[in-house]
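Reader: Please take a close look at the open and closed spaces in this model. I would also like to know which aromatic rings pair up, and what their surroundings are.

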Amino acid sequence: MAEFSSITRTGKHEPFGLHVKRGYVQGHEHIHKFGYNTSVTTSATLIWNGGSDYTYPTSAAVLGVVGTSTTDNSQITVQGLDADYNQLTNIVTLNGTTTVTTSGTYIRAFRAFVSDDKEPAGDVTIRHSGNIVAVIEGGENQTLMATYTIPAGYTGYFMQLVIGGATENANKFLTTKLRFREHNGVFRTQAKYTLASQTFEETFELPLEIPEKTDVEITGQASSGVMQTTAMFDILLIKNVSV
């Protein structure tokens, strides 16, 4: 099927982002990530729906994927990176409460979603060497995790973020950090924000450059008690040119 042209009537202007999303700009990809955590405490933690601290794998392994009901037979797509940090996508079919494994080995798993018309009865849990690395909560049909790793052969450009926090109790605030960890390095804070019950958005007019194999994450920490926290960010991936 032919596509309608998205060029304006005068042909003088076209939003660059729309061209990227339609695949008209060679070597460019848009990454949109989003996380949600209902129980951010006084210990800094990744904003994700896994319910505990996040453990980044140190080597590649197959992933185990399992549902919570014996009737679960949904198709699950898992996106991440292989041992060489190349992009990897596998599709598995749930076998109820029996764990099924991916055909490929992952060193990062940063997104998973239901990719057919069969909604799981409850949560779908994805493990790497016993550690939970992704969760599809019942009713969401998609992971919620504010983390991403730049694939090998690409440079990332961090474009914008949105952060929000909420609590039923007064006199509490949320501290969030945008952090990058280059390959074989440590996490470095790139931006730090303090919020009450509010949402904050920042667009980087000059995007932050992120080398290949770098982990990107947004963490949250409550001043006291427990807070609900959300985070979203957008990265433009540009394929490196070999010369």
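Author: The largest pocket holds about 190 Å³ of space. A pocket is an open set of points on a 1 Å grid over the protein atoms alone, with protein on both sides within 12 Å along at least five of seven lines. Points are joined across faces, edges and corners, and the volume is the space filled by probe spheres set on them. The model is predicted, so to speak of local features takes pLDDT of at least 70 and side-chain atom pairs take 80 or more, while totals for chains, interfaces and linings use all residues. Residues are numbered from 1 along each chain as its sequence is written, and side-chain values use heavy atoms, leaving out hydrogens and water.

A lining residue has an atom within 4 Å of a point. There are 13 of them around the largest pocket, and Y85, R108, R181, N184 and D215 are the closest to its centre.

One of these, R181, also takes part in a contact with a ring: its charged end sits over the ring of Y56, 5.0 Å from the ring centre. "Over" here requires CZ of Arg or NZ of Lys within 6 Å of the centre and within 35 degrees of the ring normal. Y56 in turn belongs to an aromatic cluster with W48, Y54 and F187.

Y56 and Y54 appear again in the lining of the largest cavity, together with P57, I107, R108, A109, F110, T147, Y148 and T149. Strand 7 (108–114) and strand 10 (147–149) are the elements that give two or more residues to that lining. A cavity is a set of points where a 1.4 Å probe fits but cannot get out. The largest one has a volume of about 50 Å³, and the whole structure contains one cavity of 30 Å³ or more. R108 thus serves both spaces: it lines this cavity and is among the residues closest to the centre of the largest pocket.

The second largest pocket has about 150 Å³ of space. Around it are F16, G17, V20, K21, H30, M159, I235 and L236. Helix 1 (16–21) and strand 16 (227–239) each give two or more residues to this lining, and the largest share, four residues, comes from helix 1. Helices (H or I, at least four residues) and strands (E, at least two) are DSSP runs, numbered from the N terminus.

Now the ring pairs. Rings of Phe, Tyr and Trp (its six-membered ring) pair if their centres lie within 6.5 Å; planes under 30 degrees apart are stacked, over 60 edge-to-face, the rest tilted. Eight aromatic pairs meet this rule. F158 and F180 have ring centres 6.0 Å apart and planes at 50 degrees, so they form a tilted pair. They link distant parts of the chain: F158 lies in strand 11 (residues 154–166) and F180 in strand 12 (residues 174–181), 22 residues apart. F158 is buried (under 20% relative accessible area with a 1.4 Å probe, protein chains only; over 50% is exposed, in between partly exposed), with a value of 0%. F180 is also buried, at 7%.

F158 has a second partner, F204, at 5.6 Å between centres; the planes stand at 80 degrees, so this pair is edge-to-face. F204 is in strand 14 (residues 198–210), 46 residues from F158. Its relative accessibility is 13%, so F204 counts as buried.
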